[in-house]
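Biologist: Before I rely on any label attached to this model, I would like to hear the value behind it and the rule that turns the value into a word. Shall we begin with the display?

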Amino acid sequence: MSRPDNKKFFENLTGAGKSIAVLTSGGDAQGMNAAVRAVVRMGIYVGAKVYFIHEGYQGMVDGGDNIEEAKWESVSSMLQVGGTVIGSARCKEFRTHEGRLKAAHNLVQKGITNLCVIGGDGSLTGANLFREEWSGLLAELFEQGLIDEDAAQIYSALHIVGMVGSIDNDFCGTDMTIGTDSALHRIIEVVDAIMTTAQSHQRTFVLEVMGRHCGYLALVSALACGADWVLIPEMPPEDGWEEKMCQKLSATRSRGSRLNIIIVAEGSIDRHGKAITSSIVKDLVVSRLGFDTRVTILGHVQRGGTPSAFDRILASRMGVEAVLALLETTANTAACVVSLCGNQSVRLPLMECVQMTQEVQKAMDEKRFEEAVQLRGRSFENNLKTYKLLAHRKPESELPHSNFNVAVLNVGAPAAGMNAAVRSAIRVGISEGHKMFAVNDGFEGFYKGQIKEIKWADVGGWTGQGGSLLGTKRTLPAKHVGEIAEQMRKYNINALLVIGGFEAIECLLQLYEARSNYEEFCIPLCMLPATISNNVPGTDLSIGADTALNAIVETCDRIKQSASGTKRRVFIIETMGGYCGYLASVGGLAAGADAAYIYEEPFDIRDLQANVEHLTAKMKTSIQRGLILRNENSNENYTTDFIYQLYSEEGRGVFDCRKNVLGHMQQGGAPSPFDRNFGTKIAAKAMQWITKKLNESYRQGRVFANTEDSACLLGMRRRAMVFQPVVQLKDETDFVHRIPKEQWWLKLRPLMKILAKYKTSYDVSDSGQLEHVVLNRPKASEAIAAI
């Protein structure tokens, strides 16, 4: 369906006269508050009345004060709060016809016919049943004299939109549910802490994580920390797993490791349906190997804490999309769930998703485990394949022997997740039969000959390390192509994997251009984007950007909290990013900023004045704090100091100002679970592409590849991972300012403005159209996809 222009579209989608209610149901999940905030503010923005339903379906059944009109200020300062501030409860009464009749009566009394339900598959199934029964319930209420005929006609249709809030990521149809990324943060924080004590005492740790029916948390945390063994309900281990696991643990120790990590999902079973608990695993390791072993059960720690940047952005995008979906519904529109596919928001029929989710459990109950993994979706299946590829080393006798040498190096500034990508590339390369070489200090180290073979065990424990363990420099190869070609001849390098930021694409272009003079560069060349700035053309996301966003958001939370209980205060925060405004814009959305100044969206003194006036008006309400983000190169004249002084002067008597330059703290720290996972999977996919290209280009005893498609960048484009020739990306790139000419995240900026109460136009051309759930079966060669 083609979209009309934005202005016309917003006129068509006015919420005037509509009432929207939002509730959270079932188990709580971090990020639910961000979703509630987005629904409330977007609803008010389009002119609708918005209501909270406190305590989930129980509040809907009980009515009264549980159904409360929400104001703009009602959702202030809740973005960074975990759990759900409007409460959640499991309600037996709503499962009965009488309970749903009471709920319908309470909604009609408030004039509510649009429901936004945030919960798991049980909550969403209940909402759909409620919708299907709605006309019958109203007829009953009319017969009982509880509503009049006009009310029965005016409120004749109930519209439902769902958002999935569940830390287990157990809902089919979406790549990530609200809360999953935050739960992974909690798990990885614990694993990183445990690793230091485990190394000290040469211990084995068995960690039990949540996931009674879904092993996503266990699987991804195992992938993100490089665990020795993982047990999940969807894929029980083969008979005799006990011996295989003990052999694996012993082999890890024999290679010099001082610890073992085993991750167990709470619902893990063997092939015969018998439970495998963390204590069973511990007793097994102690009895068979005699290793000092400890058990840590994480429990509800995983549900707690502040939501991650990813969950805040996901929930905010989904909340706005849910309101748009409700405004577009007609009497015949099926209930839908707002979902994430790759980097794209989509709408799917709610019951199709619920039925596929139930199919997974049915397949597991009937011991069709391979099918259960497939039904979980592309992301889950590929996580499992990647884990198996990286965790279990094949014996030398079983490895293919390719006789190819592949070099890996980092280029540009360090980015968290680079080491996870290097580890993945090295291990997948060895599994493919290649001899892997590591280059220290980028192309500077390359031409100086800082090249050495690197083995499987050499990259153990690299996943959780920040920075670049190989070393990285910004040196470009153009001035040293002759010396680099000589080193490539010396070590017989047949393919090159470059992991880095904007410099990396410049390096690949220079090597591609040098092919006419040096045949040594006529080999497969692949680049993975890794930069906190997220300024590489050809990809929506870069390794390291998520970690930097979390650092920004965490700091903004602390800075805002420092003003609690004090007088009205505005904070001016400067972020990194060069000329790319990604960190300032998306960090602003995640932190609840009032404005974000960036190079891509020029601003002048009138805009600054309008922002001051907006903040002045805001400070006269119950909201006491303001947050402004500024990208470091947004404007050479309107510096952070200038903006700070302007705000201080213009806000005198209403608010005072503080400024903070975040600096290199955005580049440091351990990588986030997202960056570890993204780096791991994208590098595995790149190595499989390199193997394919090496086999295709091997002729008469040597590798020769000089076509455009033999020098590629692997990036995430909307819903898929795509290999793109770097030569074709030149036209998409602004080399002067080192940014892509078009950037997807600019469409998120109006979202930040709307949620900060600015009037703006919102581009809805990418809003999700109702699609259908499709079970994707990727080919083996396309096995590794992004989260």
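Modeller: Let me start with the rule for burial: buried means under 20% relative accessible area, exposed means over 50%, and partly exposed lies in between, with a 1.4 Å probe and protein chains only. This is a predicted model, in which local features need pLDDT of at least 70, side-chain atom pairs count only at pLDDT 80 or more, and totals for chains, interfaces and linings use all residues. Residues are numbered from 1 along each chain as its sequence is written, and side-chain values use heavy atoms, with hydrogens and water left out.

Biologist: Why is Arg-90 called exposed?

Modeller: The relative accessible area of Arg-90 is 65%, and since exposed means over 50%, the label follows. Arg-90 sits in the loop between β3 (67-69) and α4 (97-110), where helices (H or I, at least four residues) and strands (E, at least two) are DSSP runs numbered from the N terminus.

Biologist: Which residues form the positive surface patch, and what makes a group of residues a patch?

Modeller: The positive patch consists of Arg-90, Lys-92, Arg-95 and Arg-212. Patch members must have over 30% relative accessible area and no salt bridge, with like charges joined within 9 Å and nonpolar side chains (Val, Leu, Ile, Met, Phe, Trp, Tyr) within 5 Å. Arg-90 has 65%, which is over that 30% limit. Lys and Arg count as positive, so the members of this patch carry like charges.

Biologist: How do you know that Glu-93 and Lys-102 meet in a salt bridge?

Modeller: A salt bridge is a side-chain nitrogen of Lys or Arg within 4 Å of a carboxyl oxygen of Asp or Glu. The N to O distance between the side chains of Glu-93 and Lys-102 is 2.7 Å, so it falls within the 4 Å limit. Glu-93 has a relative accessibility of 27% and Lys-102 has 42%, and therefore each counts as partly exposed, between 20% and 50%.

Biologist: What makes the pair of Glu-601 and Lys-753 a link between distant parts of the chain?

Modeller: The closest N and O atoms of Glu-601 and Lys-753 are 2.9 Å apart, and the two residues form a salt bridge. In sequence, however, the partners are 152 residues apart, with Glu-601 in the loop between β19 (595-597) and α21 (605-619) and Lys-753 in helix α25 (residues 749-755). Glu-601, at 28%, counts as partly exposed, and Lys-753, at 23%, also counts as partly exposed.

Biologist: How do you know that Lys-659 and Asp-641 are joined in a salt bridge?

Modeller: Their side chains come to 2.1 Å, N to O, so the value is within the 4 Å of the rule. This pair also links distant parts of the chain, 18 residues apart, with Lys-659 in strand β21 (residues 656-661) and Asp-641 in helix α22 (residues 640-650). Lys-659 is partly exposed at 41%, and Asp-641 is partly exposed at 38%.

Biologist: How many salt bridges does the structure hold, and which residues are linked in a network?

Modeller: The structure holds 40 salt bridges, and a network of them links Arg-474, Glu-503, Glu-506 and Arg-738.

Biologist: Why is Asn-169 called buried, and what is notable about its phi?

Modeller: Asn-169 has a relative accessible area of 7%, which is under 20%, so the residue is buried. Its phi is near 55 degrees, a positive value in a residue other than glycine, and its place is in the loop between β5 (159-164) and α7 (180-201). Asn-534 likewise has a positive phi of about 55 degrees although it is not a glycine. Asn-534 lies in the loop between β17 (525-529) and α19 (545-561) and is buried at 3%.

Biologist: How do you know whether the radius of gyration of the chain agrees with that of a compact globule?

Modeller: The radius of gyration is taken over C-alpha atoms, and the globule rule is 2.2 Å times the number of residues to the power 0.38. For 787 residues a compact globule would be near 28 Å, and the protein chain has 27 Å, so the two agree. The chain has 25 helices and 27 strands, and 61% of its residues count as buried.

Key. Accessible areas come from the Shrake-Rupley method with a 1.4 Å probe; for residues, only the protein chains shown count as cover. The place of a charge is taken as NZ of Lys, CZ of Arg, CG of Asp or CD of Glu.
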